Amino acid sequence: MKIWKNNMRKIASENIDMDRIPKHIAIIMDGNGRWAKQQGMPRTMGHRAGVEALRNIVRFSSNLGVKYLTVYAFSTENWRRPQSEIGILMSLLKEYVRKELDELNANNVKIRILGDIYQLPKDVLESILFACQKTKDNTGLIFNLALNYGGRAELIMAIKKIINDVQNNYLETEEINENLFDSYLYTAGCPEPELLIRTSGEMRLSNFLLWQVAYSEIVVVKECWPDFNEKSLHDAIRTYQNRERRFGGIKKVEE
Ligand code: IPE
Ligand code: IPE
Ligand code: MG
């Protein structure tokens, strides 16, 4: 079993402030299809290469000390794709979880799923639930896989649960506030992502973490997801570290 090792010298050479690594990084892994097309290959090959990129980025994130990594793997809208592509994506997911589980576990990674996974094919669902169960006590990187995830669906799910709890007298309407609402989301317990990365140049959220990214710094990179590597991650973190986060306030020097 491979235990991941930190390459501090490399990180130092990329000028990253290790004291300001984002706690939570969210990634919209986009551009697998375009990557494949550029290479004259079928889209499937792009998804395969995308899985490779994901394996690496989980490792690099863990080594950097990122506490939460949330990746958009399949959206509630991705069911609109041809059945054949959905089938490939599902089997790649299952294969990924099955093949990576031991290594993720050995490196203290805890797998969590965001989304309505009960609509996934049974074999995929089973392998995912098994992986969550196996890694549930791990204390290292929390790896959130957004699967059959949609930000709007998540908000509706939360609202329905809250109404149900109010109707059953578990909750008073007056108790509803932003913190309580957070605790009804799939991401309950995770801080908001400080950094949201989207690959392949597209400037949109595509229904990802609508509530949670209210104040995230968004970094869109040109490269397609299969080309996103350790240096790309370091560059995105450095870009984030050079941003000024104001949260509606004003610059410190202007106070
Ligand atoms: C991202 O790559 C993977 C998923 C959405 C599952 P795409 O498949 O969206 O690739 P492009 O955007 O068509 O290039
Ligand atoms: C967003 O990418 C979903 C995932 C990365 C899983 P899409 O490729 O589905 O988004 P659009 O269609 O370009 O907005
Ligand atoms: Mg896409």
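How much space lies in the largest pocket? About 720 Å³. This is a predicted model, and the largest pocket is where to look for both ligands: ligand 1 takes up space there, and ligand 2 sits there too. Here's a quick tour, starting with the pocket and then going through each ligand in turn.

**The pocket**

- The lining of the largest pocket runs to 28 residues, and those nearest its centre are Met 29, Asp 30, Ala 73, Asn 78 and Arg 81.
- If you sort that lining by class, you get 13 nonpolar, eight polar and seven charged residues.
- Four elements each put at least two residues into the lining of the largest pocket: α2, α3, β2 (68-75) and α4.
- Of the elements, α3 gives the most to this lining, with five residues.

**Ligand 1: who's around it**

- Ligand 1 has 13 residues surrounding it, with Asp 30, Gly 33, Arg 34, Arg 43 and Arg 81 the closest.
- The shell around ligand 1 splits into three nonpolar, five polar and five charged residues.

**Ligand 1: polar contacts and cover**

- Three arginines reach oxygen atoms of ligand 1 with their side chains, and Arg 34 does so with an N or O atom at 2.7 Å.
- Arg 81 also has a side-chain N or O atom 2.7 Å from an oxygen atom of ligand 1.
- For Arg 43, a polar side-chain atom lies 2.9 Å from an oxygen atom of this ligand.
- On its own, ligand 1 has 380 Å² of accessible area, and the protein covers 86% of that.
- Two or more residues of the ligand 1 shell come from each of α2 (32-38), α3 (43-64) and α4 (83-106).
- The largest share of that shell belongs to α2, which supplies three residues.

**Ligand 2: who's around it**

- The N-terminal part of the shell around ligand 2 includes Ile 28, Met 29 and Asp 30.
- Also around ligand 2 are Tyr 72, Ala 73, Phe 74, Asn 78 and Arg 81, along with Arg 198, Arg 204 and Ser 206.
- By class, this shell holds five nonpolar, two polar and four charged residues.
- β2 gives the shell around ligand 2 its largest share, three residues.

**Ligand 2: polar contacts and cover**

- Ser 206 has a polar side-chain atom 2.6 Å from an oxygen atom of ligand 2.
- Arg 204 puts a side-chain N or O atom 2.8 Å from an oxygen atom of ligand 2.
- From the side chain of Asn 78, an N or O atom is 2.9 Å from an oxygen atom of ligand 2.
- Ligand 2 exposes 390 Å² when taken alone, and the protein buries 78% of it.

**Residues that turn up twice**

- Arg 81 is among the closest residues to ligand 1, and Arg 81 is also one of the residues around ligand 2.
- Asp 30 is likewise listed among the closest to ligand 1 and appears around ligand 2 as well.
- Both Asp 30 and Arg 81 are among the lining residues nearest the centre of the largest pocket.

Definitions and conventions: Residues are numbered from 1 along each chain as its sequence is written. Chains are lettered from A and ligands numbered from 1 in the order in which they are written. This is a predicted model: local features need pLDDT of at least 70, side-chain atom pairs count only at pLDDT 80 or more; totals for chains, interfaces and linings use all residues. Side-chain values use heavy atoms; hydrogens and water are left out. A residue is near a molecule or strand if one of its heavy atoms lies within 4 Å of it. A polar contact is a pair of N or O atoms within 3.5 Å; within protein, one must be able to donate a hydrogen and the other to accept it, and residues adjacent in sequence count only if both atoms are side-chain atoms. Accessible areas come from the Shrake-Rupley method with a 1.4 Å probe; for residues, only the protein chains shown count as cover. On a 1 Å grid over the protein atoms alone, a cavity is a set of points where a 1.4 Å probe fits but cannot get out, and a pocket is an open set with protein on both sides within 12 Å along at least five of seven lines; lining residues have an atom within 4 Å of a point. A molecule sits in a cavity or pocket if more than half of its atoms lie within 2 Å of its grid points. Ala, Val, Leu, Ile, Met, Phe, Trp, Tyr, Cys and Pro count as nonpolar, Asp, Glu, Lys and Arg as charged, and the others, Gly among them, as polar. Grid points are joined across faces, edges and corners, and a volume is the space filled by probe spheres set on the points.
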